[in-house]
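Got the model open in your viewer? Keep the selection box handy and let's walk through it stop by stop.

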Amino acid sequence: MIIVDELKEGFNIMLHPKSTTQKERKIGEALAFYYKISIIPLILYIILALVVPSTSATGLSTLSAGLSSASGMLAIFGILMLLIIIPISIFVNAFLYHIFGKLFKVFSNPYSNTFTAMVYGIVPAILFYWLTLIPFGSLVLIIFGIWAFIVMIFALANQQKTSALKAFAVIIVTSIIIGIIAFIIGLGTILSLATTAK
């Protein structure tokens with residue numbers, strides 16, 4: 001059954017990342033898999049965004065209107081995050097990891113494999129994304145975020161036919177280099193603005 005099979009696969013990826021992240025997918029297939037597993041979490045997120053705040057309404061019309069407006073904004077934010085922002089970030093992160101993986105001669109397979117690994121890696125965080133709207137849910141989501149990182153390491157190793165240690169090294173080195181570049185650009189922007197203001 002559509003979606004149910006993907007959800008089962010998603011939970012299997014989360015629970016057994018070493019053995020279940022070997023399936024290779026084309027970019028379109030990996031993206032379709034992402035959207036299918038995100039449907040139920042997105043529905044749960046929208047329901048919580050619209051229902052949970054309204055239960056605390058006191059009956060005052062202005063407060064109720066404010067709460068419903070905030071609920072609507074939360075729902076829209078969740079839709080944008082899951083359907084647009086996160087997929088774009090997967091494309092970008094996969095591209096960066098792939099460049100450095102190839103540069104360091106660690107990755108041998110094409111970009112589609114790196115992209116698939118990124119999709120597999122995000123699965124634990126996506127399945128429980130709706131927890132952000134529950135008190136202390138964000139703290140629990142941090143745990144799933146850490147586990148997502150571990151899944152991503154195994155997925156990259158499997159998809160690029162390398163060791164988990166080398167996949168981990170590519171992720172860390174890429175993150176450090178991008179962080180340094182971003183810091184230099186940010187510092188340069190601040191200094192140029194400071195000199196312009198004088």
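What follows is a tour that moves from confidence colouring to helix packing and then to the salt bridges.

This is a predicted model, so local features need pLDDT of at least 70 and side-chain atom pairs count only at pLDDT 80 or more, while totals for chains, interfaces and linings use all residues. Residues are numbered from 1 along each chain as its sequence is written, and side-chain values use heavy atoms, with hydrogens and water left out.

**Stop 1: colour by confidence**

Colour by pLDDT, the predictor's confidence in each residue, from 0 to 100. The protein averages 86, and 89% of the residues score at least 70. Helices here are DSSP runs (H or I, at least four residues), numbered from the N terminus. Helix α5 has the highest mean pLDDT of the elements, 95, and helix α4 (residues 61-103) the lowest, 82. Now select residues 54-65: pLDDT is below 50 over this stretch, which has five contacts in the model beyond near neighbours in sequence. A contact means heavy atoms within 4.5 Å. Where pLDDT is low, the predicted coordinates should not be read in detail.

**Stop 2: α1 against α3**

Show α1 (residues 4-15) and α3 (residues 27-51). Their axes are 9 Å apart and the helices pack at an angle of about 95°. Axes are lines fitted to C-alpha atoms, for helices over the stretch in contact, and angles run from 0 to 180 degrees between N-to-C directions. The two helices are therefore roughly perpendicular (65 to 115 degrees). Turn on side chains for Glu6, Leu7, Glu9, Gly10 and Ile13 in α1, which meet Phe33, Lys36, Ile37 and Ile40 in α3. By class, this contact has five nonpolar, one polar and three charged residues. Nonpolar covers Ala, Val, Leu, Ile, Met, Phe, Trp, Tyr, Cys and Pro; charged covers Asp, Glu, Lys and Arg; the others, Gly among them, are polar.

**Stop 3: α1 against α5**

Keep α1 and add α5 (residues 111-127). The axes of α1 and α5 come within 9 Å and cross at roughly 105°, so this pair is roughly perpendicular too. Select Leu7, Glu9, Gly10, Phe11, Ile13 and Met14 of α1, then Tyr120, Val123, Pro124 and Leu127 of α5, to see the contact. By class, it has eight nonpolar, one polar and one charged residues.

**Stop 4: the salt bridges**

How many salt bridges are there? With a side-chain nitrogen of Lys or Arg within 4 Å of a carboxyl oxygen of Asp or Glu as the rule, the count comes to three.

- Glu6 and Lys36: the closest N and O atoms are 3.7 Å apart. The pair links α1 and α3, so it ties together parts 30 residues apart in sequence. Glu6 is buried (under 20% relative accessible area, 1.4 Å probe, protein chains only) at 14%, while Lys36 is partly exposed (between 20% and 50%) at 27%.
- Arg25 and Glu9: N to O is 3.0 Å. Arg25 lies in the loop between α2 (17-20) and α3, and Glu9 in α1. Arg25 is buried at 10%.
- Lys161 and Glu24: N to O is 3.3 Å. Lys161 lies in the loop between α6 (137-159) and α7 (164-197) and Glu24 in the loop between α2 and α3, so the pair ties together parts 137 residues apart in sequence. Lys161 is exposed (over 50%) at 53%, and Glu24 is partly exposed at 46%.

**Stop 5: Asn113**

Finish on Asn113 in α5. Is Asn113 buried or exposed? Asn113 is buried, at 3% relative accessible area. Leaving aside neighbours within four places in sequence, Asn113 is in contact with Glu24, Gln159 and Gln160.

Note on methods
Parallel < 35°, antiparallel > 145°, perpendicular 65-115°, else oblique.
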